[in-house]
Each structure stands twice: as C-alpha cells, then as structure tokens.
Amino acid sequence: MREWPGHVATSLRLWGCSFRCPYCSSIDLREPADGGVAWNDVVAHLLLHRDMIDGVVVTGGEPTEDPDLPSLLAALKDLDVDVRLDTNGSRPDVLAYLLAEALCDSVALDVKAVPARYRELSDERDMAARVSECVDMLIASDIEHEFRTTVVPGFVDPEELPRIARALRGGRLYILQQYHPMPGQDAAPFPDDVLRQAARACSRFLPTSPRGLTIEDD
Ligand code: SF4
C-alpha cells in the first residue's frame, strides 16, 4: 500500500494537533470533536479483519499528543500486526518511551522546515530542538524510519533542503514530498524537476527520494 510501501496497511487517524502547518490536510482532526470511534472498538474491528492486513499506520493529527497512544499501540501489537507511527517530532519524551517499549516497528517523522520556521508552527520556543532530539533518537536506534518534508512553496525553499538533509545524516531515508494544494490553498507546487534536483543534492547526506510527483519516476 502506498502509505507504507511493502505492507497491506490500514490507517488510524487520531485527533489533536497543536501545530499550525499552513498546508494542513487534516484541519478537521486538529481539535477534538464528536463522532470519533473509541480505540478499543477500532482494535476489535481490526481483529475481525486481521487476515486482510499486515500493518497499521497510526497517524493524525499528531498521535503523540494522545495520552492513550501507548495503550493503543500495545493493543495493536497484541494483534500481531506491524505498526508504523507518523509524527511531527514534537514529543521526544513520548517517542523515547515508545521505542524503549518496542511499541512500533517503523516511524515516519515529518521535518517541516528549517529550524527558524518552527516558530510559525508552534508557540513552544524549543520546538525545533524537540524535533531535532527525535531525529537523533531515530538515527541512533535500530528502528525502520524515514524523514519527510513536504516542499510547500512559501514555506520550504528547495535551496534549504540540503541544509535539512545535513541534519538528518545517518538516517535511513529522506522523502521530499510533493505539495498538492487542498481546496482553498492557492500556492502552485514546484515543478517535479525541482524536487528531483533537490533530492540529488540531499543524497550527499542520506538516501533521498521525491514522492507524490505529478508524474512518478519509475
Ligand atoms: S502536524 Fe500534521 S496534523 Fe498537525 S497541523 Fe501539521 S500537517 Fe496538520
């Protein structure tokens, strides 16, 4: 499945995120609202369909802001499925706990931009440092991981990408995600070739690929 290459996976999207990304495609998930499903009901549903999947991607919102995340991941591990966590890297304390308890098999961490731009995303002044701590934690671990940056015009300058990649050196994979505007977002994506060229420049530091191009590479 595209969301986790090599797996037939389903996604669980958890409510809550304190970031303010200008291109967020999950605005409806940032604030808790009525209508969600209790996670133990979700796990019971997955148990019924266990033979159809071999992986679950836990995403959001920002899953590490949910105090029930460790319990949810433990329940998923009891189903004997592989678990990928999507995170923005804002909670190194939570990530450290999940890694120590082996509650996920893979982590995808969004590196939103260069450190100075994190002030636009969060009121927490140490947010860039927290993300950096999560990056270092993953690089030092044995867990499968990838770092991702969505290349949003006006927020991420392609010329800054090698600088971000240098800070990810030692990581397993860096994905440069093409921006696809949501309704109401009017910035035009960079041409695919801009992402391909940036990926070549970033590859000096760690394996890097563009993803989500208008015309995908073979
Ligand atoms: S971290 Fe994800 S969910 Fe949160 S605002 Fe950014 S894009 Fe949206």
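Tyr23 touches Thr150, Val152, Tyr179 and Gln185, leaving out residues up to four places away in sequence. That is a good place to start exploring this structure, which is a predicted model. From there, we can visit the ligand, the paired strands, the nonpolar core and a few backbone details.

**Tyr23 and its surroundings**

- Tyr23 sits in the loop between β1 and α1, the helix of residues 39-48.
- Is Tyr23 buried, exposed or partly exposed? Tyr23 is partly exposed because 17 other C-beta atoms lie within 10 Å, while a buried residue needs 20 or more.
- Tyr23 and Thr150 are 127 residues apart along the chain, and their C-alpha atoms are separated by 9.1 Å.

**Around the ligand**

- Which residues surround the ligand? They are Cys17, Phe19, Arg20, Cys21, Cys24, Ser26, Arg30, Gly60, Gly61, Glu62 and Asn88.
- Sorted by character, this shell holds 4 nonpolar, 4 polar and 3 charged residues.
- Two members of the shell, Gly60 and Gly61, are joined by a cis peptide bond, with omega near 15°.
- You can find Gly61 in the loop between β2 and α2.

**Strands β1, β2 and β3**

- Strand β2 covers residues 55-59, and 4 of its 5 residues are buried, so the definition of burial makes this strand mostly covered.
- Strand β1 (residues 9-13) pairs with β2 in the parallel sense, over 5 bridges.
- As an example of this pairing, Arg13 has Thr59 in β2 as its bridge partner.
- β2 also pairs with strand β3 (residues 82-87), again in the parallel sense, and here there are 4 bridges.
- Across this pair, Gly55 stands opposite Asp82 in β3.
- To get from β2 to β3, the chain passes through helix α2 (residues 69-78), making a right-handed β-α-β crossover.

**Strands β6 and β7**

- Strand β6 (residues 174-178) and β7 run parallel and are joined by 4 bridges.
- Which residue of β7 is the bridge partner of Ile175? The partner is Ser209.
- Helix α6 (residues 192-202) carries the chain from β6 to β7 in a β-α-β crossover that is right-handed.
- In a regular strand, side chains alternate between the two faces of the sheet.
- Strand β7 (residues 208-211) has Thr208 and Pro210 on a covered face, whereas Ser209 and Arg211 are on an uncovered one.

**The largest nonpolar core**

- The largest nonpolar core has 46 residues.
- Which of these residues touch the most other members? They are Val58, Leu73, Val83, Leu109, Val131 and Val135.
- Helix α4 (residues 127-140) gives the most to this core, contributing 6 residues.
- Val58 touches Leu12, Leu14, Pro63, Leu73, Val83, Leu85 and Asp86, again not counting residues up to four places away in sequence.

**Helix α6 and the loop after it**

- Ala201 belongs to helix α6.
- Ala201 counts as partly exposed because it has 15 C-beta neighbours inside 10 Å.
- Apart from neighbours within four places in sequence, Ala201 is in contact with Leu161 and Pro162.
- The C-alpha atoms of Ala201 and Pro162 are separated by 6.1 Å, with their positions 39 residues apart along the chain.
- Ser203 lies in the loop between α6 and β7.
- With 14 C-beta neighbours inside 10 Å, Ser203 also counts as partly exposed.
- Ser203 and Leu173 are 30 residues apart along the chain, and 9.4 Å separates their C-alpha atoms.

**Two positive phi values**

- Asp80 is not a glycine, yet its phi is positive, near 65°.
- Where is Asp80? Asp80 lies in the loop between α2 and β3.
- Why does Asp80 count as exposed? Asp80 has 8 C-beta neighbours inside 10 Å, and a residue is exposed if that number is 12 or fewer.
- Ala102 has a positive phi as well, of about 55°, although it is not a glycine.
- Ala102 is found in the loop between α3 (92-100) and β4 (106-110).
- Ala102 is exposed because 10 other C-beta atoms lie within 10 Å.

How values were computed
Residues numbered from 1 in each chain as written. Predicted model: local features only at pLDDT ≥ 70, side-chain atom pairs only at ≥ 80, totals over all residues. Near = placed C-beta within 6 Å. Nonpolar A, V, L, I, M, F, W, Y, C, P; charged D, E, K, R; others polar. Pairing = 2+ DSSP bridges. Right-handed = clockwise from strand over helix to strand, strands pointing away. Core = buried A, V, L, I, M, F, W, Y, C linked by C-beta atoms within 7 Å. Contact = placed C-beta atoms within 7 Å.
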